[in-house]
Amino acid sequence: MNSMAMMPARKKRLSIVGFIHPVTLSPMSLVNALLVLAQEIARCPKIQACQRKNTAGITRRIKVLSILFEVVKDSTVPLPPSAVLCFNELYIMLQRTKMFLEDCSESSRVWLLMQGESIAYKFHELNQDMATALDVLPLKLLDVVEDVREQVELVQRQVRRAKFTVDPYEQRLRKDVLAVLDEFERKVTPDSAKLVTIFKFLGLNDARDCRNEIQWLEEEIRDQSNAGGPEATVSLINSLISLIRYCKCVLFGVSEIEHVEKISNVKSPAAENNGEEGYAIPDDFRCPITLDLMRDPVIVSTGQTYDRLSINRWIEDGHSTCPKSGQVLLHKDLVPNYALRNLIHQWCEERGVPFEKPEKGSRNISLESVASTKAALEATKMTAAFLVGKLCTGTPEVKKQVAYELRLLAKCGMDNRACIAEAGAIPQLVPLLSSEDPKTQENAVTALLNLSIYENNKAVIVEAADSLDSIIQVLKSGRSVEAKENAAATLFSLSAVNDYKKLIGEMPDAIPALVELLRDGTPRGKRDAVSALFNLSINRSNAARVVEVGAVPLLVNLLTEEDRERPGLADDALAVLAVLSGQRPGLAAVSQTSAIPILVGLLRSASPKGKENAVAVLLSLCRHGGGTVLNAVTMVPSLVPSLYILLTTGTHRAKRKATSLLKILQRWEPSRTVSTVAAHSIISSTGTAMAVVAPLR
């Protein structure tokens with residue numbers, strides 16, 4: 001079996017300088033502990049490819065020591081103090097050795113190769129520590145047989161003479177890797193024979209091995225960033241990731257993608273060491289920019305939440321709008337979303353996914369925020385060009401697999417998305433949306449979704465021939481649930497551009513298909529539909545169409561649905577209702593539902609943003625809905641107390657809306673006649689819109 005195929009999830013990295021002092025143990029307990037440690041080291045997974053000589057040497061010496069520990073354990077002669085001192089030092093050294101070997105065996109192979117001298121020096125340090133401990137071992141005072149004594153003495157001599165050594169072949173391969181990266185920088189296609197030699201030595205024999213290697217390297221970037229590693233180191237690892245991606249496609253093709261798809265829902269070796277890919281990450285916990293799990297969620301002026309590093313990079317790139325809503329950012333202040341961070345932390349703890357809150361002044365820990373080196377960028381361009389070439393000329397099966405590769409590549413950063421689009425992938429992906437093969441269609445629409453996250457790609461997608469029609473057709477009658485959901489998410493992403501809101505809304509099937517997904521979809525599908533409807537409803541003509549096709553009752557129903565995996569669904573539905581209630585048709589539709597008591601209840605139970613939208617809808621209803629609506633609102637006993645609570649605990653906008661609503665309620669005279677009430681009502685007995693008390697905002 002391939003050693004990389006079923007690698008366990010990586011443990012938290014421990015520094016070689018860390019160790020645990022033996023607690024107060026009796027001499028015999030200490031000997032037993034040493035024997036167990038030595039046996040565990042003997043069973044440690046071997047370091048793949050690199051450092052074979054150093055690993056074999058230290059493991060062999062520890063096996064000899066385990067024989068000594070076993071003999072001493074069975075002896076009835078008390079241990080002299082000098083032996084106890086030696087064994088204490090050996091205990092510390094063996095712990096450090098075990099941690100180090102485990103760390104190396106659960107690391108990227110190519111990164112171990114690049115660290116050759118540093119890793120070799122750590123082995124040398126361990127040998128020196130062993131020599132120091134064995135120097136005070138009183139072998140003559142121990143009750144051991146002659147052949148065991150001779151073996152231990154041989155180990156003593158070996159570790160005293162042990163020198164710092166680096167495998168010359170590994171040194172040469174390390175230079176070859178750097179030469180390949182230099183070729184990428186100079187836009188020179190690397191020699192395949194040289195790449196094959198490097199990958200054969202590393203034991204990277206197929207696309208699946210490369211995928212695992214990429215995950216280890218991505219984890220290494222996080223480790224380096226969290227530890228404050230040098231920028232040059234992070235950049236080198238980033239270049240290595242691009243090298244592995246290139247070789248994964250060029251050397252091994254896409255023949256193993258089917259197998260990768262089958263195991264992609266299994267917890268991956270590193271799972272970006274977050275264990276994340278082993279679970280369906282709730283959409284609320286993903287950054288809308290990167291689609292990755294957020295570690296430091298922050299709220300921008302529009303009320304949307306992003307991971308701090310991603311939105312910072314967005315702003316630094318010169319953008320002045322909210323990526324999700326397309327609204328202008330009134331200011332660039334970022335407010336920590338502590339409530340969401342706590343929910344993400346709890347979710348991670350329940351699933352064993354490491355979650356570390358960013359420390360003040362900490363370095364970047366998001367792969368999205370790692371700037372591409374020139375070598376990484378050129379390698380990605382070559383990879384994208386290779387894949388697009390296959391997309392143009394390949395068989396239907398190859399096209400399906402290439403679409404999957406592009407889907408993965410487009411998930412990993414803005415530079416990748418830009419390179420894929422520049423290579424001409426988008427016009428080649430659009431025809432695959434009409435494929436009769438469910439996986440081909442799903443991979444194509446998901447690749448377009450990931451590509452659309454990059455702002456410049458939105459225009460390329462929209463302008464591609466038949467693209468919007470094809471995406472909407474997938475939304476309407478896609479061959480898989482995920483394809484439909486991702487088509488809705490693609491429309492949401494594209495509609496962040498104001499001009500495209502109108503364009504998408506005018507497509508005959510777009511809004512009806514979204515409402516159908518809102519009605520019959522999974523919780524995730526409903527969330528995608530609600531998000532797209534929110535963007536589209538900002539356009540007034542689209543809002544009327546959303547109401548016309550019956551979205552309002554469905555949105556109101558979502559206010560009462562509870563789904564732990566989609567905790568923000570009600571908040572998103574409230575946001576759409578708040579937009580729709582800004583127009584007469586929307587107000588009429590909301591007033592015909594049972595929304596009022598639900599909205600009042602949400603003034604206490606919803607999120608801060610949800611409360612803000614709930615009071616906004618109530619204010620619109622009371623301001624423009626006339627006496628019937630006002631009577632219905634005042635019939636809810638908890639309304640006024642909830643509004644007063646909102647005055648002290650709500651957001652600035654919520655407080656302002658609550659104040660306005662309280663003023664309207666104070667002016668309302670419940671003794672008005674029925675005829676007066678009817679005259680002010682927005683809804684007649686036939687359901688048509690009538691005059692309103694005040695003009696709409």
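Here are three short exercises on this predicted model, each with a worked solution. Local features need pLDDT of at least 70, side-chain atom pairs count only at pLDDT 80 or more, and totals for chains, interfaces and linings use all residues. Residues are numbered from 1 along each chain as its sequence is written, and side-chain values use heavy atoms, leaving out hydrogens and water.

**Exercise 1.** Work out the strand order of the open sheet and find its edge strands.

*Solution.* Strands are DSSP runs of E, at least two residues, and helices are runs of H or I, at least four, numbered from the N terminus. Two strands pair if DSSP finds at least two bridges between them. Take β1 (residues 297-299): it pairs with β2 in the antiparallel sense over 3 bridges, and P297 has D307 of β2 as its bridge partner. The order of the 3 strands is β2-β1-β3. That leaves β2 (305-307) and β3 (335-336) as the edges, each pairing on one side only.

**Exercise 2.** Check the length of helix α6 (residues 146-161), then find which side is buried.

*Solution.* The expected span is 1.5 Å times one less than the number of residues. For 16 residues that gives 22 Å, and the end C-alpha atoms lie 23 Å apart, so the two agree. Next, list the buried residues (under 20% relative accessible area, 1.4 Å probe, protein chains only): V148, R149, V152, V155, Q156 and V159. They cover an arc (directions from the helix axis to the C-beta atoms) of only 120°, which puts them on the same side of α6.

**Exercise 3.** Repeat the burial step for helix α19 (residues 455-463).

*Solution.* N457, K458, I461 and V462 are buried. Their arc is only 135°, so they sit on the same side of α19.

Conventions: Buried means under 20% relative accessible area, exposed over 50%, partly exposed in between (1.4 Å probe, protein chains only).
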